[in-house]
Each structure stands twice: as structure tokens, then as C-alpha cells.
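How does one chain fold into helices and strands? Look at the picture first, then follow the text from part to part.

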Amino acid sequence: MNCSFTQLLFVKIVLLLPLLTWSASACQGQHSTKKMETTTQNPLLCDPESGVCEMPGATAAAPATAPAAQHIKIIYYTDPICSSCWGIEPQLRKLKLEYGHAIDLDYRMGGLLPDWSYNSGGISKPSDVAHHWDEVSAFYDMPIDGDVWLEDPLASSYPPSIAFKAAQLQDRTKAILFLRELRELVFLHKKNIAKWEQIAKAATTAGLDVAQLQSDVAGQGKMLFEQDLALGRQLGVRGFPTLYFVDASGVREVVYGSKPYAALEAAVMKVHPLATKRAYAKTWEALFATYASLTAKEFSDLSGTPRADSEQVLDQLVANGVLDKRTTKNGALWKRRQTPAR
């Protein structure tokens with residue numbers, strides 16, 4: 001198995017640096033294709049207060065101290081069905097707008113749900129997740145409809161994770177759009193994104209070659225997913241989201257869980273003190289030109305509109321015929337309306 005520069009860099013860091021145990025609790029994941037071991041914390045029972053979907057018992061390398069370089073690589077461990085990762089979307093989108101010129105965000109899959117061969121943490125079957133997701137939705141102010149676990153539950157998060165790795169082979173930018181589509185399908189539309197028909201639907205919307213994606217899922221996609229799991233074990237990743245901010249010299253800072261934007265910005269400055277924040281257009285036209293869809297929380301954070309007013313502003317744009325709205329029992333999503341082809 002060939003290792004990328006990023007993998008070699010992190011393996012070197014892990015071997016040379018002392019380890020410490022994180023104290024945060026939280027979406028737990030498993031980094032093996034083997035059956036899950038019995039734990040006291042269920043991987044789908046994410047802790048909103050700590051902002052993490054956590055895997056207990058793992059450790060992470062401590063940050064080093066060295067001169068910062070001029071560019072930051074962010075290794076982002078996530079999973080398509082991680083509710084805490086959905087909760088951090090507004091912060092990540094703002095980070096890309098303000099510091100996109102200084103960062104390279106590398107999405108890695110962590111393997112949150114291999115299967116249902118366990119009984120722990122109060123969750124032993126898919127239906128147990130439904131109410132938990134509804135609670136998490138309210139906490140993060142991001143729309144999540146937990147009824148997918150009652151109507152068409154996922155057997156595993158591995159199929160969409162492997163599909164994402166396959167999508168990266170085609171186009172890394174489209175792969176991020178693909179991941180967003182997968183999340184909208186499962187969190188808002190209550191679709192089982194472990195099924196190929198839903199994966200293909202998200203791929204089509206993201207502009208990917210569906211036939212090539214299907215071929216890569218059966219080939220290199222699975223291998224790349226296994227490499228992500230292996231690197232995650234080496235790094236001691238034990239929950240999602242986990243973000244490693246690293247420069248070329250090995251300086252690194254870790255943000256564990258769905259933290260406020262200030263925590264992400266502080267990590268950037270810790271690794272690269274000379275990084276400059278860039279202004280961006282905050283009009284609805286500019287934001288929807290950059291991001292195809294926005295929640296009320298995302299629009300509020302990115303535009304500077306008070307959260308209490310953001311839905312009213314977006315709904316007025318729907319009334320004006322420029323946006324479409326997807327409403328769920330726990331919130332809504334707005335998309336720019338497509339102009340009919342003539």
C-alpha cells in the first residue's frame with residue numbers, strides 16, 4: 001500500500017511525539033471492518049455538548065512546537081451520517097470563505113457505523129437513534145429528521161464512505177459537493193444513503209460520472225477507505241469531527257468536536273500566526289452562488305444576519321421566487337431556484 005506525503009508526515013509525528021488522552025466525550029466511530037467490540041458508549045449516541053461522535057479508549061498525539069509555514073493542511077476526519085459533523089458545517093463553510101487561500105481541507109472517512117453487531121450506550125437497534133437525532137438537531141440548530149431510522153434505516157455508513165473516496169478520484173471539489181448531497185439526503189430527506197440508488201442520485205446532483213463512480217466503488221474506493229481507517233488508527237482518532245491543523249514543518253493543533261468558529265480560527269492562528277482573514281461578499285446572491293444550499297443557521301453565520309431574522313429573510317426570497325425551501329419537522333433548507341431552460 002502506497003502512503004501519501006500526508007500519511008507519512010502524520011505517521012512520523014505519531015511516532016515521535018508523546019501521547020495524551022483526550023477528555024472530551026461524544027459521535028463515536030470504529031476504525032476497523034471487523035465487528036465492533038462492546039463499549040460503554042455507542043457510536044451513534046453523539047454528545048451535543050462536547051460536539052463529538054466519539055470512540056472511547058483511543059489517544060491522540062500532542063501538538064509539537066516549531067516555526068509555522070505559510071500554508072496549513074487540515075485533516076478532517078468525518079462520516080456521512082455523523083450528526084456532530086453536520087453541526088459543524090456552518091463553521092467549516094465560514095472557515096473556507098475567510099481562510100480558504102491559506103488552508104487545504106483534506107476530508108477523511110472515519111467509519112462511524114460498520115454494522116449493528118453491538119448493544120451498548122442505550123442503543124441496540126436503528127430505531128433507538130431516531131429520538132437522539134431529533135435532540136441533536138435542536139442543539140446544533142441544524143435540520144435533522146431522525147425518522148429515517150424508523151422508515152428506512154441504514155445498516156452501515158461504510159457504503160457512502162467508500163463512495164466518497166471513489167468520488168475523490170474523479171474530482172475532489174465535486175466530492176465535497178457529493179458529501180453534502182449525501183448528508184442532505186439522510187438528514188433532511190430521510191433517505192437511506194447506504195443504498196446505491198441514493199448514492200447515484202447524490203452523485204448525479206454533484207456532477208460526477210455515475211458509471212465511473214460505481215466502478216471505483218468496487219475498486220480503488222474501498223482501498224482508499226481502508227487507508228483512511230488505518231491512518232485514523234495511527235493518529236488515535238476516536239471521534240468525529242476531528243480536525244488536525246498541520247503545517248509543512250510538523251506544527252499541529254487539534255480541534256476535537258463541533259466547536260464554535262472561534263476555536264477553528266484560533267487553530268489556524270496557532271499553526272500559522274501570519275495567516276490573514278479575507279473579506280467575502282455576504283449578500284444572499286454571493287452566498288448562494290458559492291454554496292448551493294444553506295440552512296438558516298448557515299445563512300445567519302455567513303451573512304451576519306441575526307439568527308432570529310435569518311428565516312424571515314430567506315422566506316422572503318422564496319416569496320420573491322429566487323429560492324426554494326425544503327421544510328422538515330426540525331428545520332428547513334433553502335436552495336437557489338434553477339432558471340428553467342428555454
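Contact here means that heavy atoms lie within 4.5 Å of each other. Keep that in mind for helix H13 (residues 307–319), which lies across S9, S10 and S11. H13 runs at about 125° to S10. The model is predicted.

Start with the whole chain. The protein chain has 13 helices and 11 strands. It counts 342 residues, and buried residues make up 54% of them. The chain exposes about 14,400 Å². Carbon and sulfur atoms supply 54% of that exposed area.

Now return to the strands under H13. Which order do the three strands take in their open sheet? The order is S9-S11-S10, and the pairing is antiparallel. S9 and S10 are the edge strands, since each pairs on one side only. From one strand to the next, the twist averages 25°. Helix H12 packs on this sheet too, where it touches S9 and S11. The direction of H12 makes about 95° with that of S9.

Look at the pairs one by one. Strand S9 covers residues 293–295, and strand S11 covers residues 331–336. Three bridges join S9 to S11, and the two run antiparallel. In this pair, Leu 294 stands opposite Trp 334 in S11. Strand S10 (residues 323–328) is joined to S11 by six bridges, again antiparallel. There, Leu 323 stands opposite Arg 336 in S11. How many residues does the hairpin use to join S10 to S11? The hairpin passes through two residues.

Next, find strand S4 (residues 72–78). S4 is mostly covered: six of its seven residues are buried. S4 has partners to trace. With strand S5 (residues 103–109), S4 pairs in the parallel sense over seven bridges. Lys 73 stands opposite Asp 104 in S5. With strand S7 (residues 242–247), S4 pairs in the antiparallel sense over six bridges. Here Ile 74 stands opposite Phe 245 in S7.

Turn to the helices. Helix H3 spans residues 89–99. Nine of the 11 residues of H3 are buried, so H3 is largely enclosed by the rest of the structure. Among these buried residues are Leu 92, Leu 95 and Leu 97. Arg 93, Glu 89 and Glu 98 also belong to the buried set of H3.

Helix H4 (residues 127–140) has a buried set as well. Its members include Val 129, His 132, Trp 133, Asp 134 and Tyr 140. What do the buried residues of H4 pack against? They pack against helix H2 (83–87), helix H5 (148–151), H7 and helix H12 (296–303). H12 is the helix that touches S9 and S11 of the open sheet. Just after H4 comes Asp 141, whose phi is positive, near 60°.

Now take H7 together with its neighbour H6. Helix H6 holds residues 158–170, and helix H7 holds residues 172–187. Their axes come within 7 Å and cross at roughly 155°. Angles over 145 degrees count as roughly antiparallel. H6 and H7 are therefore roughly antiparallel to each other. Their crossing is right-handed. On the H6 side, the residues making the contact include Pro 160, Ala 163, Phe 164 and Ala 167. On the H7 side, they include Ala 175, Ile 176, Phe 178, Leu 179 and Leu 182.

Finish with a single residue, Cys 46. Where is Cys 46 found? Cys 46 sits in the loop between strand S1 (19–20) and strand S2 (53–54). Is Cys 46 buried or exposed? Residues under 20% relative accessible area are called buried. Cys 46 has 4% relative accessibility, so Cys 46 counts as buried. Now compare Cys 46 with Gly 239. In sequence, the two are 193 residues apart. In space, they are 9.3 Å apart, C-alpha to C-alpha.

Definitions and conventions: Residues are numbered from 1 along each chain as its sequence is written. This is a predicted model: local features need pLDDT of at least 70, side-chain atom pairs count only at pLDDT 80 or more; totals for chains, interfaces and linings use all residues. Side-chain values use heavy atoms; hydrogens and water are left out. Helices (H or I, at least four residues) and strands (E, at least two) are DSSP runs, numbered from the N terminus. Buried means under 20% relative accessible area, exposed over 50%, partly exposed in between (1.4 Å probe, protein chains only). Accessible areas come from the Shrake-Rupley method with a 1.4 Å probe; for residues, only the protein chains shown count as cover. Two strands pair if DSSP finds at least two bridges between them. Axes are lines fitted to C-alpha atoms, for helices over the stretch in contact, and angles run from 0 to 180 degrees between N-to-C directions. Angles under 35 degrees count as roughly parallel, over 145 as roughly antiparallel, 65 to 115 as roughly perpendicular and the rest as oblique. A crossing is left-handed if the near helix is turned anticlockwise from the far one by less than a right angle, and right-handed if clockwise.
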